[in-house]
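Trainee: Could you take me through one part of this model at close range? I would like to hear about its helices and what they pack against, and then about the interior.

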Amino acid sequence: MLPSGITGFGDWESQPTFQGGAGAFRRLSYALARQLSGEVLSLDLDLAGKNFYAAKIQTRQGEIYLLENAPFAWVAFARSLEFGEIAFTEPPCSLPEDCHVLSLQMLQKDWQEEAGALGKAELAQIAYWKPRTVGQIVFNSWD
């Protein structure tokens, strides 16, 4: 179920303090690149206009994006990352047990089946932006 605050919108006074952050994402990105015998091509740690961090990683099989939802540190992978359009993919490898990795099946699931805990501010943003899937909510570029 999508937890309150996952969109990056809401009442931050009542939200729990989340672990992770830009430093932890940077470390995860470089660890993943080493595991895939690749290299980090770019890191986007700026949360202006979006609720996630992104790393572009070059591997032997090509480029892949590592994404992390900033409020909850939920992780996903993508083949391409364009403003407002993310082509999600299955994880290319295993990650540490403490990583909450979203499967492609979950990312493509209809968000309405998972929306029970979302707050009023989040539902207002959803009504405006009209996402169709869980992935479009968890990794959004709403300003």
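Mentor: Happy to. This is a predicted model, and the average pLDDT over the protein is 91, with 94% of the residues scoring at least 70. Among the elements, strand β6 (residues 100-101) has the lowest mean pLDDT, 94, while β1 has the highest, 98.

Let's begin with helix α1. Its 14 residues reach 20 Å from the first C-alpha to the last, close to the 20 Å expected at 1.5 Å a residue. The buried residues here are F25, L28, S29, L32 and A33. Because they cover an arc of only 135° around the axis, these residues sit on the same side of α1. Their cover includes strands β1, β2, β3 and β4. Turn to the face pointing away from that buried side and you will find R27 and R34, both exposed.

Now follow the chain out of the helix. Just after α1, S37 takes a positive phi of about 55°. Most residues other than glycine have a negative phi, and S37 is a residue other than glycine. S37 belongs to the loop that runs between α1 (22-35) and β1 (39-44). With a relative accessibility of 43%, S37 counts as partly exposed.

Helix α3 can be read in the same order. Its buried residues are E122, Q125 and I126. Seen down the axis, they fall within an arc of 100°, so they line one face of the helix. That buried set packs against α4. On the other side of α3, K120 and Y128 are exposed. Just after this helix comes K130, with a positive phi of about 60°, although K130 is not a glycine. K130 is placed in the loop between α3 (120-129) and α4. At 60% relative accessibility, K130 counts as exposed.

From the helices we can move to the interior. In soluble globular proteins, nonpolar side chains tend to be buried together. The largest nonpolar core here has 25 residues, and those with the most contacts inside it are L2, I6, L67, F88, V138 and F139. Elements giving two or more residues to this core are strands β2 (52-59), β3 (62-69), β4 (74-82) and β5 (85-89), together with helices α2 (104-107) and α4 (134-138). Apart from it lies another core, of 17 residues, with A33, L36, I57 and L95 among them. You have already met A33, as one of the buried residues of α1.

I6 is a good residue to zoom in on. Leaving aside neighbours within four places in sequence, I6 is in contact with N51, N69, P71, F72, W74, L118, E122, I137 and V138. E122 in that list is one of the buried residues of α3.

N69, another contact of I6, deserves its own look. N69 is found in strand β3 and is buried, with a relative accessible area of 0%. A polar atom of the N69 side chain lies 2.7 Å from the backbone oxygen of V138. Beyond neighbours within four places in sequence, the contacts of N69 are I6, N51, F52, W74, V138 and F139. Among these, I6, V138 and F139 are also listed with the most contacts inside the largest core. If you center your view on N69, then, I6 and V138 are both among its contacts, and I6 is in contact with V138 as well.

Definitions and conventions:
Residues are numbered from 1 along each chain as its sequence is written. This is a predicted model: local features need pLDDT of at least 70, side-chain atom pairs count only at pLDDT 80 or more; totals for chains, interfaces and linings use all residues. Side-chain values use heavy atoms; hydrogens and water are left out. A nonpolar core is a set of buried Ala, Val, Leu, Ile, Met, Phe, Trp, Tyr and Cys residues joined through side-chain atoms within 4.5 Å. Buried means under 20% relative accessible area, exposed over 50%, partly exposed in between (1.4 Å probe, protein chains only). Helices (H or I, at least four residues) and strands (E, at least two) are DSSP runs, numbered from the N terminus. Contact means heavy atoms within 4.5 Å. pLDDT is the predictor's confidence in each residue, from 0 to 100. A polar contact is a pair of N or O atoms within 3.5 Å; within protein, one must be able to donate a hydrogen and the other to accept it, and residues adjacent in sequence count only if both atoms are side-chain atoms. The expected span of a helix is 1.5 Å times one less than its number of residues. The arc is that of the directions from the helix axis to the C-beta atoms.
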